[in-house]
Amino acid sequence: MDNNNHYEKMPEKPYWGTGAKKTEEQDNPADASETYEFVQSYTSSEEKSKHADISPEKPARKNRSRGFRIVAFIIGIVLIAGAFGFIGAMIYDHFSGSGGGNNISRSDGYTLEDATGTKMTIAEIAEKNADAVVEIRTESVVTDSWIGQYVTEGAGSGVIIDSSGYIMTNYHVIEGASSVKVKLHNGEEYKADIIGGDAANDVAVIRIKANDLTAVTYGNSDQLTVGEIAVAIGNPLGELGGTVTYGIISATDREVTVDGQKMTLLQTDASINPGNSGGGLFNGYGQLVGLVCAKSSGSDVEGLGFAIPVNTAAEIAQKIIDKGGDVSTGKVGEAVIGINVINITTKEQMQQYGLDSKGVYITGITSSNAQEAGLQIGDRIVKFEKTKISDFDDLSGALSKHAPGDEVSITVERNGKNVTVKAVLAKASSTENSSGNDGENGYGLNPYQ
């Protein structure tokens, strides 16, 4: 459900031209003049007969031949220009993708479409997607030691991703819900079944028993650029379904920490409010490019909204549908190194443990993979693959991009020297989720065990 964290989760073608250097026959100027005057003097048959004995046939044929060549030359230029224009259009279509040949059809059940064609107005984007964005209302049973059990209500948004009733939303919108209801743009309401979710990535899928629904078209979030238009459609405040706001894409790969989980998100200045969670963020072609998930809170904060890139969200949603349940996609809790770590963030902690630098230190080896890789207790992790590691969040974010079985390079500082090892990531079991308290501020966590 929506809560109040710092980052708050909430329910022109190429021009092809030709140039021709005009050349003229270097005829005798006098001949040309005489010929011109002779031809133009024929105003009657009498005059033509009168001058027949001085009418040379060869000059007349010469002028007809010359005229023919000029016409042929002009026609040739037109044909060449047309050919270049056709070739130019083909080249443009190839590189711009307007032929539709660059769409990414995934073998796992969904398609990411390139941004092609003519951009739409905000009104056109809203009209295209109005029926594809829904309102979600939830009920959850809460147990309190003082007043016993009671029911809480929540609200969010969702996007229809399949005409047969599949709806994608945020995991936190439906987390813990005992009842989920969906209201379509036309006012129809349905009870929804929770298919599954990915808590770490904040993506979930629900389904209603309805057919022939209007579904969104997936765009390609990897093609987004800073400054292009962004349109958000959702259910702000849980009461204003179908609300449309717009702005721009402010960043395409902003790393933020939401509820302790480091995520790489799209940033927008389109107005985002509680209840927008799970709603759609659309590009200028009316394609879904993001799943709205959070905003930055605070009295001094304005125009900071975030969305999960659709390339990430769509893949996770498809996995949930295929499995028919919850999934984990290599985030913390599934892919692990097999070590215990402590996060040293203050000078006091450095003094307490006799360390020279802040950072992430290994306090225990808990898997054969880590042991075989050569990792040791006391190593300070300084790099994971290409990511520099300075704190727990850096390591968490880098690890979240990998799945069990991946071989990764880990660089550690040991006795003043950097050592790089290769380690195969393991999969955590449900019991391997303990945490320690090695640090003064409770940073002795074991999510890599």
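The paragraphs below lead through the nonpolar cores of this predicted model and then turn to two residues with unusual backbone angles.

The largest nonpolar core holds 33 residues, and those that touch the most other members are Val159, Ile161, Met168, Val216, Tyr218, Leu288 and Ile308. Several elements each give two or more residues to this core, namely the strands S6 (166-169), S9, S10, S11 (243-258), S12 (261-268), S14 (288-296) and S15 (305-309), together with helix H6 (310-323). The largest share comes from H6, which supplies six residues.

Val216 offers a useful place from which to look around this core, as one of the residues that touch the most other members. When its neighbours within four places in sequence are left aside, Val216 is in contact with Asn129, Ala132, Val159, Ile160, Ile161, Phe282 and Leu288. Apart from this core lies another, made up of 22 residues that include Ile337, Val341, Val412 and Ala423.

Away from the subject of the cores, the backbone itself deserves attention at two positions. Asp212, although it is not a glycine, has a positive phi of about 55°, and this residue lies in the loop that runs between strand S9 (203-208) and strand S10 (229-234). Asp212 is exposed, because its relative accessible area is 74% and exposed residues are those over 50%.

Glu385, likewise not a glycine, has a positive phi of about 55°, and is found in the loop between strand S19 (380-384) and strand S20 (387-388). Glu385 has a relative accessibility of 29% and therefore counts as partly exposed, a class that falls between the buried limit of 20% and the exposed limit of 50%.

How values were computed
Residues numbered from 1 in each chain as written. Predicted model: local features only at pLDDT ≥ 70, side-chain atom pairs only at ≥ 80, totals over all residues. Heavy atoms only, no water. Helix = DSSP H or I, 4+ residues; strand = E, 2+ residues; numbered from the N terminus. Buried < 20%, exposed > 50% of the residue type's maximum accessible area, 1.4 Å probe, protein only. Core = buried A, V, L, I, M, F, W, Y, C linked by side-chain atoms within 4.5 Å. Contact = heavy atoms within 4.5 Å.
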